[in-house]
Amino acid sequence: MYRAPRGTSDILPKEQAYWRYIEQMVVNVCQLYGYQRIDAPAFEDTQLFSRSVGEETDIVEKQMYTFEDRGGNKLTLRPEGTAPVCRAYLEHGLHNLPQPVKLYYIASIFRYERPQAGRYRQHYQFGYEAIGDDDPALDAEVIDMAWQFFLSLNLHRLSLQLNSIGCKKCRPSYLTVLKDYYANYTHDICSDCKTRLKRNPLRLLDCKKPLCQQIAVSAPRSIDYLCPQCETHFNQLKNYLSLLELPFEINHCLVRGLDYYTRTVFEIQPEAEGAQSTLGGGGRYDDLIEELGGKPTPAIGFAAGIERIILNLKKQDVPIPPPPPPQVFIP
Ligand SMILES: [Zn+2]
Ligand SMILES: [Zn+2]
């Protein structure tokens with residue numbers, strides 16, 4: 001008997017009502033905020049991901065489905081949705097349109113991870129990107145949109161976590177202070193964190209091991225080391241979020257797992273479970289388009305895993321509207 005490969009699943013007819021419901025809500029919220037749909041291919045040149053996500057990240061080191069095709073090209077099934085959208089933005093000259101260009105996608109994502117509840121090796125994400133503007137008002141809009149999306153799904157008891165991790169100008173000095181702090185704990189941190197300390201110190205802050213988390217709580221905070229521009233940007237953002245009455249909490253340990261993030265990072269989590277089961281998250285990536293060969297182009301985006309949303313809809317017993325009945329019935 002054949003079975004679906006480990007970490008994948010079939011979406012059977014009885015589950016489809018959830019998927020249609022979420023897709024409909026995605027389309028509604030994206031139209032409301034002026035986002036247009038984009039669909040990129042399921043695989044791209046491997047380099048697109050290793051350069052953007054970062055060579056020293058879990059995704060690139062351990063989780064990518066990379067293969068050589070019959071023509072000898074090195075390709076990777078997309079492990080995240082932002083880099084392909086940025087590649088398309090550059091390839092099709094979308095920088096010539098009025099900025100920011102606002103795009104959204106619903107796409108399959110492939111990561112070789114240990115399967116667990118709501119985490120699959122092939123899963124689906126909904127995400128959106130606003131490219132070409134560094135105004136903190138845009139950050140506020142992107143965060144508001146994510147929050148409104150979950151409210152429109154009737155999901156409750158969520159928390160909105162926010163942080164600023166600075167830019168390439170101010171981050172190096174913060175990382176020095178952070179490494180100095182962790183130098184006192186080299187015997188206490190887990191083996192993964194020992195590697196992170198050498199290669200990707202920012203990721204020390206979001207280790208999920210209990211002892212590492214205790215150490216991270218008292219670590220120096222990135223917001224205390226922001227350059228004046230990043231500080232102003234973050235203060236303005238907090239102001240806008242307060243005006244929108246969004247209940248954000250500053251979380252100094254929130255850094256996100258990808259290297260391309262700058263300044264604003266945020267996550268939406270179920271209150272009870274916290275970071276272990278984040279529903280969605282995003283942030284600014286002001287240098288990514290330039291790193292991919294474009295002009296300096298600030299941008300910000302968000303993505304959420306659809307399976308995890310469904311898991312939470314079920315946990316919270318949210319009633320799902322039945323799929324619409326057939327329009328024509330021939331007996
Ligand atoms: Zn800065
Ligand atoms: Zn650790």
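Let me start with strand S7, residues 158–164, and strand S9, residues 262–270, which pair in the antiparallel sense over seven bridges; within that pairing, Leu 158 has Pro 270 of S9 as its bridge partner. I should say at once that we are looking at a predicted model.

If we step back from that pair, both strands belong to an open sheet of eight strands with mixed pairing, and the order across the sheet reads S1-S5-S6-S11-S10-S9-S7-S8. At its edges sit strand S1, covering 36–37, and strand S8, covering 248–250, each of which pairs on one side only.

Two helices can be placed against this sheet. Helix H1, residues 16–32, lies across strand S5 (101–110) and strand S6 (122–131), and its direction is at about 160° to S5. Helix H9, residues 228–243, lies across S7, S8, S9 and strand S10 (280–284), and it runs at about 160° to S7.

That brings me to the metal site. The zinc ion, ligand 1, is coordinated at 2.3 Å by the SG atoms of Cys 167, Cys 170, Cys 227 and Cys 230, and along the chain these donors follow the spacing C-x2-C-x56-C-x2-C. Of these cysteines, I would point out that Cys 227 and Cys 230 are buried.

Why do we call the arrangement around the zinc ion tetrahedral? Because the four donor atoms subtend angles of 101 to 115°, and the criterion for four donors asks that all angles lie between 85 and 135 degrees.

Conventions:
Residues are numbered from 1 along each chain as its sequence is written. Chains are lettered from A and ligands numbered from 1 in the order in which they are written. This is a predicted model: local features need pLDDT of at least 70, side-chain atom pairs count only at pLDDT 80 or more; totals for chains, interfaces and linings use all residues. Side-chain values use heavy atoms; hydrogens and water are left out. Donors are N, O and S atoms within 2.8 Å of the metal (3.2 Å for Na, K and Ca); water is not among the atoms, so sites may look incomplete. Four donors count as tetrahedral if all angles lie between 85 and 135 degrees; four count as square planar and six as octahedral if opposite donors are over 155 degrees apart and all others between 65 and 115; anything else is irregular. Buried means under 20% relative accessible area, exposed over 50%, partly exposed in between (1.4 Å probe, protein chains only). Two strands pair if DSSP finds at least two bridges between them. Helices (H or I, at least four residues) and strands (E, at least two) are DSSP runs, numbered from the N terminus. Contact means heavy atoms within 4.5 Å. Axes are lines fitted to C-alpha atoms, for helices over the stretch in contact, and angles run from 0 to 180 degrees between N-to-C directions.
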